[in-house]
Amino acid sequence: MDDTGPAVAYDGTLGSLLKLYRHDDLSPFQALKASTRARDYLPMLALIEETVGDRFVEELNGDDFRRWNKKWGNHGANVHRGHNAIRKLRAVLSYGTQKRFDDCRRAREILSLIRFEAPKARTVMLEYDHAVAVVEQAIKLERFSIALTQALQWDTALRRIDIIGEWLPAKAGEGGIVRGNTRWQGPSASVISSDLILTIEATSKTGSRSSHDLTLCPLTMLVLSKFDLPKIGPLIVNEKTKAPWRENYYAQAWREIAKDAGVPDHVWSMDTRAGAISETEAVSGIEAARKLATHSNAKTTLRYVRSDVLESNRATALARQKLRP
């Protein structure tokens, strides 16, 4: 008998569909990265289940979806959350459609006909002066892990998770660095060669490898002039715990240092990537920015470009003038 199937049954309610989506071994949910599940999907799925999990999918109509979107978005106060919850509901109903549940197919068709207010794209970016201020303050406080991470983020446009790694659910018998029921996965000291070439596999969907000559990265070289790189083990380790950072703790520590360094509260650590990509696009063009970001197409890169339009157009005008006699 095949005992690898889903652990729950679908009874027509949205709540049972959500449980099936989470627990079915063949659900698309299982293919998501553990960090994506924990940070993005599970909170939204819990919100849907808590608020409307008792509703029967067969009974749903467009008015339900519009009303839920307003409720989840706090009637316009949190458009992002309302939009995100609807996206997750689409994913769950699409899964039910693939399972050939007719009520899910009909509900998914209705949902596809409705257009909801989308959150505005983030326009903030961390600028070079911000990066320098954070690095210098972190060095002053002897938080070299934060100084190096910030410098590498700025100089290479790598995602923070590419540098500090992440903690994933641990499976029985797995080796490596394990704390409780989690196991660390991330770059070791060996990603930086003796001649300071950084080669790392980025976490982008393309799975691209990213290589950088750190001797041409002034901010990183400033940090490396203050301390020695580790010979073995993880590249980045929390000085206090002697273990790799957990992302939420890193973000909190970075925020404290950034505040002391005078970085505005609305500028986040995650905005470093947008700043690095925007600077690259301004000086070298979109194709260079795309390669730096390890994107497969420039359309994705453009979502990160937040350079001032006036300054960009000024640079373009000056470049055009040089073509003329």
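**A tour of a small sheet and a helix pair**

Begin by selecting Glu166 and Gln185 in this predicted model, where Gln185, which lies in strand E3, is the bridge partner of Glu166. Staying in E3, select Trp184 next, and you will find that its bridge partner is Trp167. Now show the whole of strand E1 (166-169) together with strand E3 (residues 182-185), and you have two strands that run antiparallel and are joined by 4 bridges.

Which strand lies on the other side of E3? The order E1-E3-E2 places E2 there, in an open sheet of 3 strands with antiparallel pairing. The edge strands are E1 and strand E2 (178-179), each of which pairs on one side only. Between E2 and E3 there are 2 bridges, and if you select Arg179 you will see that Thr182 in E3 stands opposite. Select Gly180 as well, since E2 and E3 form a hairpin with 2 residues between them, and Gly180, in the turn, has a positive phi of about 65°.

Leave the sheet now and select helix H1 (residues 14-23) and helix H2 (residues 34-52), whose axes come within 9 Å and cross at roughly 160°. An angle over 145 degrees counts as roughly antiparallel, and H1 and H2 are therefore roughly antiparallel to each other. Their crossing is left-handed.

Which residues of H1 and H2 meet? On the H1 side, select Leu14, Gly15, Leu18, Lys19, Tyr21 and Arg22, and on the H2 side select Tyr41, Leu42, Leu45, Ile48, Glu49 and Val52. Coloured by class, this contact of H1 with H2 shows 8 nonpolar, 1 polar and 3 charged residues.

How values were computed
Residues numbered from 1 in each chain as written. Predicted model: local features only at pLDDT ≥ 70, side-chain atom pairs only at ≥ 80, totals over all residues. Heavy atoms only, no water. Pairing = 2+ DSSP bridges. Axes fitted to C-alpha atoms, helices over the stretch in contact; angles between N-to-C directions. Parallel < 35°, antiparallel > 145°, perpendicular 65-115°, else oblique. Left-handed = near helix turned anticlockwise from the far one by under 90°. Contact = heavy atoms within 4.5 Å. Nonpolar A, V, L, I, M, F, W, Y, C, P; charged D, E, K, R; others polar.
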